[in-house]
Amino acid sequence: MSGVVHRPASAAEVAEAVRGAELVLPRGGGTKPALWSAEGAEVLDVSALSGITEYLPSEYTVTALAGTPLAEVEARLAAEGQYLPFDPLLVAAGSTVGGAVAAGANGPGRLRYGGLRDFLLAVTFVDGRGEIVRGGAKVVKNAAGFDLPKLMVGSLGRLGVLTECTFKVFPHPENCATLRVAGMALDEAIEAAGRVGAGAVEIECLDLVHGLAGWDLEIRIGGRSFALDARLKRAADLLDTDVATLSGDADARHWRARREFGWASTDASVLKLPLTPATAGALEQVLADLDASQVARVYSAGIQQAFVAWPAERVADLPALDRALSEAKLTALALRAPAEAANQPILGYRTGGELLRRVEQALDPAGRFGRLE
Amino acid sequence: MTTTGAANFHDALTQRLGPDRVLTGAAPMAAYESDALTAFRARPRAVVLVDSAEEVVDVVRLCAAASVPFLARGSGTSLSGGSLPVHDGVVIAMNRLNRILEVDPVRRTAVVEPGVVNLAVSDAAAPYGLYYSPDPSSQSVCTIGGNLAFNSGGAHCLKYGMTSNHVLGLEVVLPDGDVIEIGGDSLESVGPDLVGLFVGSEGLFGIATRITLRLLPKPETYFTLLAAYDSLAAAGEAVAAVVASGLLPGAMEIMDNLAIEAAEAAVGAGYPLDAEGLLIVELEGEKQQVAAESELLLEVVRRSKPYLEHIASDPDDRMRIWKGRKSAFSAVGRLSPDYIVQDGVVPRSRLGEALTKIQHLGEEHGIRVANVFHAGDGNLHPLILFDGRVEGELERAEELAGEILRLCIDLGGSITGEHGVGMEKRQYLGEMFDEADLDAMRRIRLAIDPGELANRGKMFPDAEAPALLSHGPHPLEVAGVISRE
């Protein structure tokens, strides 16, 4: 960081700040330092760009300024029985709308209907030339023009500073409960997860949590209260072992803590890695090779992503992890990470470099947001 | 290009592909001169039939070296003129690239070539209890490559999204012949969503040659309800009530009287001919859940007072109901020698207002309009009926189509929900977006394709693309090979 912090109160002021900067990165709630704390970069604090600008429950759409805390959005939706199905992370910690989009990261609930990319309908952002650009439309279906909203998902502040976002929202399941099997071997847990996943029961969340006694398999089911017990039983029958059940407030608290990374020590770096049930083994191998088999981690959303808490005392090994991930063709995003990782929030294997380079050239020719490698 | 240059370019193509797979001349190329937007026609320089991704790369490189524009074409079912040839450019026919390379039931993915027909993916996934969700009406002929380029939708988009929500990874030939990989096998990714940018880019960023699709488990059961109303507004109100109830149906469709009449004449779906508005609502999922939801759905729909309701009794009955809906576009051809299928989106709560205004606009222009729409997501498909042989009718129909699009913009919606901008809606993109928005899109296009070779002339309002007006349905449509949505 350069120490310079701008606090714009409008998109026009964001544009002005971008035009006047050599290197600048946006910050919302500040919950994901690896996204905004690059060396020498001025900080564009967008927290004053806050507020829900339009919420139409009957349209399933909500629009908010980029600095709006997700907690505010979720509370407003909950009052109408709706929610953000991609299940945003670090909500209680203060994560904002813009930060969630820029990180492109989702919680365990993304399993049911999709991730943030599937629920972002429209964006307004300031590009690297200081121009205010709008993409998408504030309706649930649209195919006009290039899909700039999707391009901004995961852009890590490097393609533009978001100022406003519109999401599709859904009705929240009437009731949810969770089945839990403790202390499984990983391959056993993956196999059981596959069996339940291939069954007819529709699942909200499916996570494997690494613990001292092996892996805990957790399966969350949601829907009409009337049918919930029968559906839980149906899923439990497929597990064919001792199953504990969480319901009501305990269930809600449990999954909220998961997405707040309450299971990781507060000074650990939290990494997100795209995964499939077939590549979980490769990640295990990388960790074993680095003598890190005991790090806290969760294979989340039907084993489509891993969250790994890399211990603070092993920060010096992040470059080794970066190399090992590249060799294993795995990619990681440092969501929460120390300054050492901040110049390059992406670790491991990359694709699409040539296309990304051309897009960066188009939207930020002077490199004011820096370049992703 | 000089005559010698043109001859050299042609020689290079035939040298690479052999003379049989390089079509030139009016007769062999006739079927490629137009797509499902039949009012336009353009003659390419050549049509090449490629057999492999390597051939796509080589053809693109030859085009790039000679600055010849090109576009990839699947089955030519684009309703926005997206696969209309670029005049004097090369059409790369992708239909032979139709292999399903892999179906992985554990990862729930399919890896396919772009010429694979949409429905073939679901067929290949069926043995594993999986299916490919996006279901455009033309799904028995349209290809995944075209679906991808135009982010095609269908009747079941509200719950599970459009094509873009089901594409995980791509191998892409950029317009200069560079080959890149983007995305992967996982539902999750890291970094800017380049797959998301590529899908729906209307062929302007190059050609996808290998596509990883997400498959979904087939719903255990369906509950399909048909409700008939004596006004279109009442059917619209029922949709609003279903949404307010907290239910999330897989599909909610409405047809008006003219569309019902056409569909009934074409396939005999058993629709009530006297209905002014016909609502189809479908719940899908696991048995217990659907059973619980269907009770609530019936209660909500009955409160909207349909004069007739029908619950699909078995899978055949369900298929019949959907066949009527999916054939509605081509069926309208029975009512009129020519028609334009429009595709606009309005906020769901303003559907009633939009339909009333469309009716008035039709009356003002003296043109009949049939309406079929994906009510769940506010996606209108007005079918504008005209006779191209009557002096001035085509012009009036196009004028009406334009006014409908402006109405969608005014109501806060979009000029296209699932057909894309293509050739047809280029002049309206600038009404939906500001100059700065279009400029950003143009800059991205030029950074990726400085020579504007890939599908030149599409999407951007100021793009050049000579085309001639014509009359009548597409030859493949007459033959029953393609249909419109």
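Helices here, numbered from the N terminus, are DSSP runs of H or I with at least four residues, and the model toured below is a predicted one.

Start with helix α10 of chain A by selecting residues 280–289. Just after α10(A) comes A:Asp291, whose phi is positive, near 55°.

Now colour the helix by burial, taking buried as under 20% relative accessible area: the buried residues are A:Ala280, A:Leu283, A:Glu284, A:Val286 and A:Leu287. Why do they lie on the same side of α10(A)? They do so because the arc that they cover around the axis is only 160°. An α-helix has 3.6 residues a turn, so residues three or four places apart point the same way. To see what covers these buried residues, add elements of chain A including the helices α7 (186–198) and α11 (318–327), together with the strands β13 (214–223), β15 (269–274), β16 (297–300) and β17 (305–310).

Next, show both chains and select their contact, to which chain A gives 74 residues and chain B gives 88 residues. Between them the two chains bury about 6,600 Å², of which 58% is on carbon and sulfur atoms. Within the area that chain A buries against chain B, A:Lys141, A:Phe146 and A:Arg358 supply 14%, more than any other three residues.

For the polar side of this interface, display B:Glu188 and A:Lys272, whose side chains meet in a salt bridge at 2.5 Å, N to O; eleven salt bridges are found across the interface, and 38 residue pairs are in polar contact between chain A and chain B. Finish on helix α13 of chain A, residues 353–363, which provides eight residues, the largest share of the side of chain A that touches chain B; by class, that side has 36 nonpolar, 19 polar and 19 charged residues.

Note on methods
Residues are numbered from 1 along each chain as its sequence is written. Chains are lettered from A and ligands numbered from 1 in the order in which they are written. This is a predicted model: local features need pLDDT of at least 70, side-chain atom pairs count only at pLDDT 80 or more; totals for chains, interfaces and linings use all residues. Side-chain values use heavy atoms; hydrogens and water are left out. Contact means heavy atoms within 4.5 Å. Buried area is the accessible area (1.4 Å probe) that two parts lose on being put together, summed over both. A salt bridge is a side-chain nitrogen of Lys or Arg within 4 Å of a carboxyl oxygen of Asp or Glu. A polar contact is a pair of N or O atoms within 3.5 Å; within protein, one must be able to donate a hydrogen and the other to accept it, and residues adjacent in sequence count only if both atoms are side-chain atoms. Helices (H or I, at least four residues) and strands (E, at least two) are DSSP runs, numbered from the N terminus. Ala, Val, Leu, Ile, Met, Phe, Trp, Tyr, Cys and Pro count as nonpolar, Asp, Glu, Lys and Arg as charged, and the others, Gly among them, as polar. Buried means under 20% relative accessible area, exposed over 50%, partly exposed in between (1.4 Å probe, protein chains only). The arc is that of the directions from the helix axis to the C-beta atoms.
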